[in-house]
Amino acid sequence: MSAPHTMAELITRIEHAMQRVIRAVTPFSAAQMTEPRLSDGRSVKDVLAHLTWWDQWLLFTLPADQNTSHSPITPPLVDHIPATGNWADEMNAKVYAYNQPRALSLIQDEFSTTCNNLIKRVAQLSIDDLYNPHGLSAIIGQPVAPLVLGIYEHYEEHAHELEQLQAESQG
C-alpha cells in the first residue's frame, strides 16, 4: 500500500487503523484483556499501554504549534529514554514494566484520550510539515514523515496481532 498523498488520506488511514485495534479488543472481557495471551506473554492491556506510550511520545515530540517546543503532556518515562540511537526495544521493556501494576480501566482511558489527541494534532499538520526538511523536521531534529506515517503502520501491526488473538479465542 502506498503512502497517503494528502493529509485527509493520512488521517483516514490512521483512524481506520485505530478502529481496527478497537474492534479487535472490544469482544474481550476485562479478565481476558489482562491475561498474558499473546505469544510473547503480553496481554491486550499491554498492547494498549504500548500504543498509548508511543503516541504520547509522538505528541510530546511534535511541538503543539510552531511557537511551542513541546505539547503540554509529558509521557511517563520520557526522561528514561537512552541517549543511544536504537532505544525502542529498551523503552518497550520499560513501558511494559511501568504499566504492569496499572489498572486496565486507566490504560483504556489513556488509550482513548491519546488516540483523540493524536488525531487532532495530525489534523493540524500539512504535507509540508511532513516532508520539508527545513520546517518541522528541523525544529524537532528528525524527519517528521516516518513518525507520522508510522502511526497507522504501528496500529495495523498490532491490530493484526489482536485480530489473530480474537480469532483464536472464538475458534
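**Notebook: a cavity, a core and some single residues**

I began by looking for enclosed empty space, and I noted that the structure holds one cavity of 30 Å³ or more. The model I am reading is predicted, and I keep that in mind for every entry below. I wrote down a volume of about 60 Å³ for the largest cavity, and I found that the elements giving two or more residues to its lining are α3, α4 and α5. Rolling a probe the size of a water molecule over the atoms is what shows where empty space is left.

Which element gives the most to the lining of the largest cavity? I found that it is α3, with four residues. I then listed the lining residues by name, and they are Ala49, Thr52, Trp53, Gln56, Pro76, Tyr98, Asn99, Arg102, Ile107 and Glu110. When I sorted this lining by class, I got five nonpolar, three polar and two charged residues.

**Confidence**

Next I looked up how far the prediction can be trusted, and I noted a mean pLDDT of 91 for the chain, with 94% of its residues reaching 70 or more. Over residues 67–71, however, pLDDT stays under 50, and for this stretch the model has nine contacts beyond four places in sequence. Where pLDDT is low, the predicted coordinates should not be read in detail, and I left those contacts without further comment.

**The nonpolar core**

I turned to the largest nonpolar core, which has 51 residues, and I recorded Leu10, Val122, Val148, Ile151 and Tyr155 as those with the most contacts inside it. The elements that give two or more residues to this core are α1 (7–25), α3 (44–61), α4 (88–99), α5 (104–123), α7 (136–140) and α8 (144–170). In soluble globular proteins, nonpolar side chains tend to be buried together.

What does Leu10 touch, once residues up to four places away in sequence are left out? I found Pro4, Val122, Leu130, Val148, Leu149 and Tyr152.

**Single residues**

I stopped at Leu77, which has a positive phi of about 70 degrees although it is not a glycine. I placed Leu77 in the loop between α3 and α4, and I noted that it counts as buried because its relative accessibility is 16%, below the cut-off of 20%.

Is Ser137 buried or exposed? With 10% relative accessibility, Ser137 counts as buried, and its place is in helix α7. Leaving aside neighbours within four places in sequence, I listed its contacts as Asp129, Leu130, Asn132, Gln142, Pro143 and Val144.

Thr34 lies in helix α2, which covers residues 30–34, and at 41% relative accessibility I entered Thr34 as partly exposed. Not counting residues up to four places away in sequence, Thr34 touches Ser43, Lys45 and Leu104. I also looked up the separation of the C-alpha atoms of Thr34 and Asp46, which are 12 residues apart along the chain, and I found 7.8 Å.

My last entry is Ala167 in helix α8, which is partly exposed, with a relative accessible area of 45%. How many residues lie between the positions of Ala167 and Ala24 when their spacing is counted in sequence, and how far apart are they in space? I noted that they are 143 residues apart in sequence and 9.3 Å apart in space, C-alpha to C-alpha.

Technical notes. Residues are numbered from 1 along each chain as its sequence is written. This is a predicted model: local features need pLDDT of at least 70, side-chain atom pairs count only at pLDDT 80 or more; totals for chains, interfaces and linings use all residues. Side-chain values use heavy atoms; hydrogens and water are left out. A nonpolar core is a set of buried Ala, Val, Leu, Ile, Met, Phe, Trp, Tyr and Cys residues joined through side-chain atoms within 4.5 Å. Buried means under 20% relative accessible area, exposed over 50%, partly exposed in between (1.4 Å probe, protein chains only). Contact means heavy atoms within 4.5 Å. On a 1 Å grid over the protein atoms alone, a cavity is a set of points where a 1.4 Å probe fits but cannot get out, and a pocket is an open set with protein on both sides within 12 Å along at least five of seven lines; lining residues have an atom within 4 Å of a point. Grid points are joined across faces, edges and corners, and a volume is the space filled by probe spheres set on the points. Ala, Val, Leu, Ile, Met, Phe, Trp, Tyr, Cys and Pro count as nonpolar, Asp, Glu, Lys and Arg as charged, and the others, Gly among them, as polar. pLDDT is the predictor's confidence in each residue, from 0 to 100.
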